[in-house]
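Subject: Structure handover

Hello,

Here is the structure I promised to pass on. Please open it first, then read my notes beside it.

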Amino acid sequence: MKSTRIPRATIQRLAAYVQILETLSQEGEKVISSEGLARACGVNPSQIRKDLAYFGEFGVRGVGYYVQDLLTAIKQSLGIDRIWNVALVGVGNLGRALLRHKILRKRGFMVVGAFDCDPFKIGEEIAGLEVYSSKRLQELAQELNVEIGVITTPPKRAQRAANYLVEAGVKGIVNFAPVRIDVPENVAVEYVDFIHHLFSVAFNISLNLSKGLF
């Protein structure tokens, strides 16, 4: 990797490039031009070249990109060329949906443990996983080799869930609860808030309306 100081927006675009390249690979495409990849990804060719430049030199002048080679290189750069073990805390409706969603495993994220503080949920089996008490997270994390935590609790319980994950030695958390959590600096946190996306969509619709684009 050429640089460790990579903009968040670039990482998000690279994740989109992976999805497009995987589809192209499944369709049997061997090579794609920078213009073709740009169109498929919804960006311009210069943006793709700029994003990829953070990790090295890719593409062949006059040819384009070799699909599988580029896909492999991006996955290695993002650290998603292996399986990551995940613990999910909060087995409500969203948590259950994520446990049953096959896309996580397909993308290399294996949910190995499900945890909740509700005594009525503890012991239940969901998608082949037994639900354990959240208090056992630290005890079981090493056995399960947990690397990433996903929080899908109600907002008022998110910090407690984060505390359990940090105490268990987890160094990365994806938080679906609509509240900020306090964790040490060496713990990476990503927030997933659907309301923010709805705000963004509503703004863009309003903007297009004001421009008379509808």
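Let me start with an annotation. The UniProt record, an unreviewed entry, marks residues 79-180 as "domain: CoA-binding". UniProt positions are given in the numbering used here, feature names are shortened, and annotations may be inferred rather than shown by experiment. The C-alpha atoms at the two ends of residues 79-180 lie 26 Å apart. This span is 32% helix and 28% strand. Helices (H or I, at least four residues) and strands (E, at least two) are DSSP runs, numbered from the N terminus.

Now the ground rules. This is a predicted model: local features need pLDDT of at least 70, side-chain atom pairs count only at pLDDT 80 or more, and totals for chains, interfaces and linings use all residues. Residues are numbered from 1 along each chain as its sequence is written, and side-chain values use heavy atoms, with hydrogens and water left out.

The whole chain

The chain has nine helices and nine strands. Its C-alpha trace spans about 60 × 45 × 35 Å along the principal axes. There are 214 residues, and 36% of them are buried. Buried means under 20% relative accessible area, exposed means over 50%, and partly exposed lies in between (1.4 Å probe, protein chains only).

The chain splits into domain 1 (8-76) and domain 2 (84-195). Those bounds come from an automatic or database domain assignment. The C-alpha centres of domain 1 and domain 2 are 32 Å apart.

Next, contacts, which means heavy atoms within 4.5 Å. Take the contacts between residues at least 6 apart in sequence: 58% of them join residues at least 24 apart.

How many disulfides are there in the whole structure? The search finds zero. A disulfide here is a pair of cysteine sulfur atoms within 2.5 Å. Cys41 is buried, at 17% relative accessible area. Cys117 is partly exposed, at 33%.

Helix α2

Helix α2 covers residues 34-41. Its buried residues are Ser34, Gly36, Leu37, Ala38 and Cys41. They pack against α1 (8-26), β1 (31-32), α3 (45-53), β2 (65-66) and α4 (67-78). An α-helix has 3.6 residues a turn, so residues three or four places apart point the same way. Gly42 follows α2, and its phi is positive, near 75°.

The sheet

Seven strands form an open sheet in the order β5-β6-β4-β3-β7-β8-β9, with mixed pairing. Which strands sit at the edges? They are β5 (125-126) and β9 (188-191), and each pairs on one side only. Two strands pair if DSSP finds at least two bridges between them. Strands of a sheet pair through backbone hydrogen bonds, either parallel or antiparallel.

Look at β3 (residues 84-89) and β7 (residues 148-151). They run parallel and are joined by four bridges. Val89 stands opposite Ile151 in β7. Helix α7 (residues 137-144) packs on the sheet and touches β3, β4 (109-116) and β6 (129-133). The direction of α7 makes about 160° with that of β4. For such angles, axes are lines fitted to C-alpha atoms, for helices over the stretch in contact, and angles run from 0 to 180 degrees between N-to-C directions.

The annotated binding site

The same unreviewed UniProt entry has a "binding site" annotation on Gly90, Val91, Gly92, Asn93, Leu94 and Gly95. Gly92 is in the loop between β3 and α5 (93-100). Gly92 is partly exposed, with 23% relative accessible area. Leaving out residues up to four places away in sequence, Gly92 touches Asp116 and Lys121. Asn93 is in helix α5. Is Asn93 buried or exposed? Asn93 counts as exposed, at 72% relative accessibility.

Two more residues

Ser133 is in strand β6. Ser133 is buried, at 19% relative accessible area. Its C-alpha is 5.3 Å from that of Asp116, which is 17 residues away along the chain. Residues up to four places away aside, Ser133 touches Phe115, Asp116 and Ile122.

Val179 is in the loop between β8 (172-175) and β9. Val179 is partly exposed, at 31%. With the same sequence neighbours left out, Val179 touches Pro155, Ala158 and Tyr191, not counting residues up to four places away.

Best wishes
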